[in-house]
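Please open the model in your viewer, colour the chains separately, and keep the selection tool at hand. The tour goes from one selection to the next, and at each stop the text says what is there.

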Amino acid sequence: MEANFSLRQRIEGAVGLTRGLGRGLVDSSNALLRRVTKAKPKPEVVDTSLRIAHYNLVLMDGDGQVVWGMEYDTGGPFSFRPGHRLWICCEFTNRSAHEAGIAEFEIELTGEDGSVLSRFGDSFGDIVVVQPGETRKFVGQWSL
Amino acid sequence: MKPMKTNGSSSDSIIGRGVEVTGDLLFAGELQVSGKVTGTLTSQDGTLIIEATGEVDAQVDVSVCVIRGKFRGNVKAKSRIEVYKSARVGGEVATPVLLIEEGAECNAAIMMASQAMAKGQG
């Protein structure tokens with residue numbers, strides 16, 4: 001009888017211990033889950049907007065050499081943000097007595113410190129000849 | 001009508017909500033329009049800002065034009081034009097730099113003219 005009682009006590013003790021261990025495991029796994037959930041990094045908001053103050057037109061010949069360049073003012077810095085589209089038109093008038101051969105052009109967007117923020121470039125595939133006195137327009141477009 | 005001159009300093013001028021102006025306006029610095037303007041708006045190096053509640057039906061010749069409200073007419077900006085999503089633009093637009101935000105209602109003829117052209121230097 002005593003032996004039965006002792007065995008029962010032992011079994012109940014073992015069951016209690018197992019339950020306790022189980023509760024402990026569940027608690028610690030919940031705590032871990034909470035910690036993991038808390039530690040989940042928030043998506044970083046990356047500011048991709050550009051603050052544009054100037055733009056440059058750069059013309060190049062067939063060898064990639066710069067033949068002409070000009071800086072323009074935007075009339076004060078402005079923000080170019082996602083969801084915006086931007087078009088910029090520049091023109092070159094050949095005021096020399098000789099024809100000018102242009103193979104490609106670039107329009108650079110620059111910040112207030114003069115650093116180049118973005119470039120739009122295009123090539124003509126062949127050399128475009130601009131006669132003396134002739135004017136040619138160059139348009140660049142951007143979207144964020 | 002004799003042209004109305006705003007303060008020649010670079011301080012802001014405001015045509016507030018509920019105010020209606022008809023005539024020729026010359027301004028310096030910045031002019032914010034939250035009311036209604038009909039006529040002409042001219043500024044050598046100034047900035048015209050048409051706020052979301054603003055309505056402008058005019059011939060505009062400025063350096064910078066920012067449109068958030070309603071514009072109808074011809075606008076020539078020698079530096080740039082910005083059109084935001086709350087804007088409704090009709091007429092003609094001429095500028096070397098044009099920024100348009102997605103959602104803007106722009107039913108205008110657009111002439112991309114270089115700064116030299118816009119300044120009239122050919």
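Select Cys65(B) and show its neighbours: leaving aside residues up to four places away in sequence, Cys65(B) touches Leu48(B), Val60(B), Val75(B), Ala77(B) and Ile81(B), where touching, or being in contact, means that the C-beta atoms of two residues, placed from the backbone, lie within 7 Å. Cys65(B) and Ile67(B) are the residues that touch the most other members of the largest nonpolar core, which has 49 residues. Such a core is a set of buried Ala, Val, Leu, Ile, Met, Phe, Trp, Tyr and Cys residues joined through C-beta atoms within 7 Å. A residue counts as buried if 20 or more other C-beta atoms lie within 10 Å of its own, as exposed if there are 12 or fewer, and as partly exposed in between, with the C-beta atoms again placed from the backbone. Next, highlight β7(B), which gives this core its largest share, 8 residues.

Before going further, keep in mind that this is a predicted model, in which local features need pLDDT of at least 70 and side-chain atom pairs count only at pLDDT 80 or more, while totals for chains, interfaces and linings use all residues. Residues are numbered from 1 along each chain as its sequence is written, and chains are lettered from A and ligands numbered from 1 in the order in which they are written.

Now select the whole of chain B, whose secondary structure comes to 1 helix and 11 strands; helices (H or I, at least four residues) and strands (E, at least two) are DSSP runs, numbered from the N terminus. Read from the N terminus, the elements of chain B follow the order β-β-β-β-β-β-β-β-β-β-β-α. Of its 122 residues, 43% count as buried.

Two loops of chain B deserve a stop. Select Gly35(B), which has its place in the loop between β4 (30-33) and β5 (36-42) of chain B. Is Gly35(B) buried or partly exposed? Gly35(B) is partly exposed, because 19 other C-beta atoms lie within 10 Å. Not counting residues up to four places away in sequence, Gly35(B) touches several residues, including Ile15(B), Arg17(B), Glu20(B) and Gly54(B). Then move to Thr53(B), in the loop between β6 (47-50) and β7 of chain B. Thr53(B) is partly exposed as well, because 16 other C-beta atoms lie within 10 Å, and with the same sequence neighbours left out it touches Arg17(B), Ser34(B) and Gly69(B). Measure from C-alpha to C-alpha in the viewer, and Thr53(B) and Gly18(B) come out 9.3 Å apart in space, although they are 35 residues apart in sequence.

Turn next to the place where the chains meet, a contact that takes 18 residues from chain B and 18 residues from chain A. On the side of chain B that touches chain A, β10(B) gives the most, with 5 residues. To see a pairing across the chains, select strand β3 (residues 84-93) of chain A together with β10(B), which pair in the antiparallel sense over 5 bridges; two strands pair if DSSP finds at least two bridges between them. In this pairing Trp87(A) stands opposite Leu98(B).

Finally, select chain A, which has 1 helix and 6 strands. Here 4 strands form an open sheet in the order β2-β1-β4-β5, with antiparallel pairing. The edge strands are β2 (66-80) and β5 (116-130), each of which pairs on one side only. Within the sheet, strand β1 (residues 50-60) and β2(A) pair over 10 bridges, and Asn56(A) stands opposite Glu71(A) in β2(A). Follow strand β4 (residues 100-110) into β5(A), and you trace a hairpin with 5 residues between the two strands, where Gly114(A) in the turn has a positive phi of about 90 degrees. Across this pair, Phe105(A) stands opposite Asp122(A) in β5(A).

As a last step, colour chain A by pLDDT, the predictor's confidence in each residue, from 0 to 100. Where in chain A is confidence lowest? Confidence is lowest in helix α1 (residues 2-39) of chain A, at a mean of 59, and highest in β1(A), at 95.
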